Amino acid sequence: MTSIVALLLWGAAAFLGTAMLAVAVSRRGSATHLVYGATLGISAVMFAIATAALTGDPAGVSPVTLPLGLPWIGAHFRLDALSAFFLVVVNLGGTVASLYGLGYGHHEPAPHRVLPFFPAFLAGMNMVVLADDAFTFLLSWEFMSLASWALVMAHHREQDNTRAGYIYLVMASFGTLALLLAFGLLAGPDGTYTFDAMRAAEPSRFAAAAALVLMLLGAGSKAGLVPLHVWLPLAHPAAPSHVSALMSGVMTKVAVYGFLRVVFDLLGEPAWWSGVVVLFLGGLTAVLGILYALMEKDLKRLLAYSTIENIGVIFVSLGLALAFKANAMPSAAALALTAALFHVLNHSFFKSLLFFGAGAVLTATGERNMEKLGGLIHRMPLTSFVFLVGCVSISALPPFNGFVSEWLAFQAILQSPDLPQWGLKVMVPAVGGLLALSAALAAACFVKAFGITFLGRPRSAAVEQAQEVDRYALAAMFTLAALCLLAGILPGLVIDGLSPVTLSLIGSRMPVQMAQPWLSIVPIAESRSSYNGLLVFVFIAISASLAAFVIHRFASHALRRGPAWGCGFPDVTPAAQYTAVSFAQPIRRVFGTFAFRAREKVEMPPPGATAPARLTVEIHDVVWETFYQPITGAVGYATEKLNRLQFLTIRRYLTLVFLYLVTLLLVLALWP
Amino acid sequence: MALIAELAVQGAQMMLVLLLAPLLTGFVRKVKARLLRRQGPSLIQPYRDLLRLMRKEVVLAGNASWLFRVIPYLIFAATWVAAALIPTFATGLTFSWTADLIAIVALLGSARFFLALAGMDVGTSFGGIGASREVMIASLAEPAMLLIVFSLALVAGATQLSTVAAFMGSPEVGLRVSLGMSLIALVMVALAENARIPVDNPSTHLELTMVHEAMVLEYSGRHLAMIEFAAFLKLLLYVSLISCVFIPWGLVTARSGPGAYALGVAVYIGKLALSGILLAVFETAIAKMRVFRVPDFLGAALMLALLGTLLLFVSRSL
């Protein structure tokens, strides 16, 4: 019998085959249907297999070694609960993105720049998750990075996209370098690159610490941890929208997978301080990410920044899980890890949904700038409905799914006073505050995203002509919206599905949830905490309908349309509405002066002058200016100086070579 | 039979909060008027207002969307469900495990999310100004509230309100500094959340610093009635929350006869009256602050709550 791993590898090969096919046919009219149809089928099958593997017994699946790659190693592939879960995330995302692409792809001006790389990107992500040795892992990782880079560069003639691609390439190379060094440390002096060998080896404390830091740099830069996030808000929005959805909703999760695989699986017992580091970075990322998103007026960049926030939320839970694991508190660690993985799944749902919605708006109006949108709820009722579902879910509001994972994270935080180390005692409540702050700011951010884009009056002519998008795109978005609601009202199902993963990584699991009466979720005991999304949903639905029914039946259902009241001061032009920038003004004044050194400058003309008054807002990207500008400055300076070496005479070159040789020999001679 | 009785008590609680909410607001208004040596409107004026609004026709702005018409019912429902989940006269009701304190806070967050959207739907500047200020206030009030929840949960070992109330009523609580901080922070958050003085003024219109009223400016008729009703319920909710956690005496804890429940309801009404008087006195004694002073006010609440939580974390090992 062929093992499931072989079957999954055939799937990845089928993706690659589709990519080859796409190269051949991409200029034909039917290519879009063919390629997205194929990826839809393959991803759906892979999703089904992965789900079966996760709910079945992943431990019993035999690994596969292919005679590829380095000759003395071969390529190892294996499936366990962790990789099965991430395969579910990857292929669910791939399925809906392909479905969306079936319709959206027809609007693509240059399909031959997208079609070949889309299946290749999916293949890369699947292979990263399946890889069982460092070489295959890194190769697939690079393949995934390069395929997504090609997709980012699909519209390379658009302004800023080349810069986005360049920064992405530099950051991706840096990340892979960090991963390479991390695996090098783990492999030890005898160079065993299989994960099995690394798991069995006991790295020294120094090596484990260095590997953790390198993983934070490598996987963190791919996931978008502050301050390594700079490429993400440039690159994710630059790609076509269904690819943005995959990059934000799925590829960042593959990075989380890489971190989990090495830190929770290969490194062995964590040190307690690793929890502090991860918690700190997670909290910082969550708050800064969402503050950046609030300042943004480009819809897709706003979503990309919000991805950074969600990665922060995931890493906070991971940090808690590390801290609990280090202190031998397995049930609390399982709770925190479940919260993290649940959020991974949730974020892949609602971020894909929101990027699809942004793509629909982009198709309908040609605009990403929220200041030119508005009032789309009248022109695109279905898109606006699902986008609203996405906004409510990502804002962590009950009864949708985002709230459940956040709730689990809070429950995990409440377990932490028993941690013995003072560093953790002080860090955890502070991070809890940051998590709450980021949740509240996320709600503010998505009130802005939905309110400015879909509500109010149209701010440009293009919006007034907007049409609802095609049925494939709508089907993809409605599927995700339904999943958001389902995961919100039946969280027990997801939590139980995650139990094999926590069992394999922590050795413990949350109690069985589906057996609870009324399908509540109860992390520890009902007298301590419980939440029932289903009943909350039903109660709200019943009381809202009841109120509406009673009033319409017994009081009044008369309705008259009239002009807006506006306190008797109607705004004549839609330009007088609140905009994305003005909506963020109160929050900018509260948080922005500190986080972005934001300044408002008012230029008032003297009395009697006819010049207009101007208000300018100045915002600094503090992370870029503190960390990256010095580096780019130094690189620029060095290249400037080294540039002279290009124009020397042959004698000088020979002298340089001679001096270099002498120095080298001297060093060798003096080496102890 | 027992199940029916329990469901009846749960239903009674839902109707009780619905019936008492306008009365509490009317009572606060009356006390404030008396403190200013005015006669003040009658105690049942809020009920009359609601009935009048419900009977009137709705005048809807020309470009208002379907969302604008659905939101009042959603806000009302979310607030009502949240208010019904707080122990008022009895703990451990049939559905009290549906949502713990974190979920109740988040339910109010849902209501606020939709209210802010409603403010932006018609596309007037007043709606925008209200919505943007509301989310700014919420971005500080919500974390403060969650940190207060953390403190309570750490003291009582649960986020379940019934358990917290039962613990706070037991003699093992004692006097704790962090609980005092939580109480002060909770009162500050409650003032901000209910748009009371000094954060917002519930009885003015057309004031440049207004927040809540600016968002609901375009609402009329039954829609406005629903939103007003939700505001009444929210005030009752916060008063019930503070009294059930910090003055938990007189709560019916075990299953008992109608007499005990009647006594519990009477005690609850007494607590509401006391809180109403305190609120009215406080509001009369203090002036409203500028809108950009509100972050300082709420920042203080946030810091107090964080300090309380930190103290609990740190004192666990002492």
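In this predicted model, 30 residue pairs are in polar contact between chain B and chain A, with both residues of each pair at pLDDT 80 or more. On the chain B side, the elements that each supply at least two residues to the surface touching chain A are α2 (45–55), β1 (58–61), α3 (66–84), α4 (101–121), α5 (125–156), α9 (221–246) and α11 (294–315). Of these, α5(B) gives the most, with 19 residues. Sorted by class, the side of chain B that touches chain A has 50 nonpolar, 18 polar and 11 charged residues.

The extent of the interface can be described both in residues and in area. The contact draws 79 residues from chain B and 83 residues from chain A, and the area buried between the two chains is about 7100 Å², of which carbon and sulfur atoms give 73%. Within the part of that area that chain B buries against chain A, Trp97(B), Phe113(B) and Phe313(B) supply 11%, more than any other three residues.

Charged pairing across the interface is a separate matter. A search of the whole structure finds 20 salt bridges over all chains, and the count between chain B and chain A is 1 salt bridge. That pair is formed by Arg560(A) and Glu57(B), whose closest N and O atoms are 2.8 Å apart. The pair crosses between chains, from Arg560(A) in strand β3 of chain A to Glu57(B) in the loop between α2 and β1 of chain B.

The strand that carries Arg560(A) also takes part in backbone pairing with chain B. Strand β3 of chain A, residues 559–562, is joined to β1(B) by 4 bridges, and the two strands run parallel. One of the residues involved is Gly562(A), whose bridge partner in β1(B) is Ala61(B).

Turning to chain A itself, helix α8 covers residues 205–223, and because a helix is expected to advance 1.5 Å a residue, its 19 residues should span 27 Å, which agrees with the 26 Å between its end C-alpha atoms. Just after α8(A), Gly224(A) takes a positive phi of about 105°. In the loop between α8 and α9 (232–238) of chain A lies Pro227(A), and the peptide bond leading to Pro227(A) from Val226(A) is cis, with omega near 5°.

Other points of backbone geometry in chain A can be read against a general background. Most residues other than glycine have a negative phi, and most peptide bonds are trans. A cis peptide bond joins Pro398(A) and Pro399(A), with omega about 5°, and Pro399(A) is found in the loop between α15 (381–394) and α16 (401–413) of chain A. Leu519(A), although it is not a glycine, has a positive phi of about 60°, and the place of Leu519(A) is in the loop between α20 (491–505) and α21 (533–555) of chain A.

Definitions and conventions
Residues are numbered from 1 along each chain as its sequence is written. Chains are lettered from A and ligands numbered from 1 in the order in which they are written. This is a predicted model: local features need pLDDT of at least 70, side-chain atom pairs count only at pLDDT 80 or more; totals for chains, interfaces and linings use all residues. Side-chain values use heavy atoms; hydrogens and water are left out. Contact means heavy atoms within 4.5 Å. Buried area is the accessible area (1.4 Å probe) that two parts lose on being put together, summed over both. A salt bridge is a side-chain nitrogen of Lys or Arg within 4 Å of a carboxyl oxygen of Asp or Glu. A polar contact is a pair of N or O atoms within 3.5 Å; within protein, one must be able to donate a hydrogen and the other to accept it, and residues adjacent in sequence count only if both atoms are side-chain atoms. Ala, Val, Leu, Ile, Met, Phe, Trp, Tyr, Cys and Pro count as nonpolar, Asp, Glu, Lys and Arg as charged, and the others, Gly among them, as polar. Two strands pair if DSSP finds at least two bridges between them. The expected span of a helix is 1.5 Å times one less than its number of residues.
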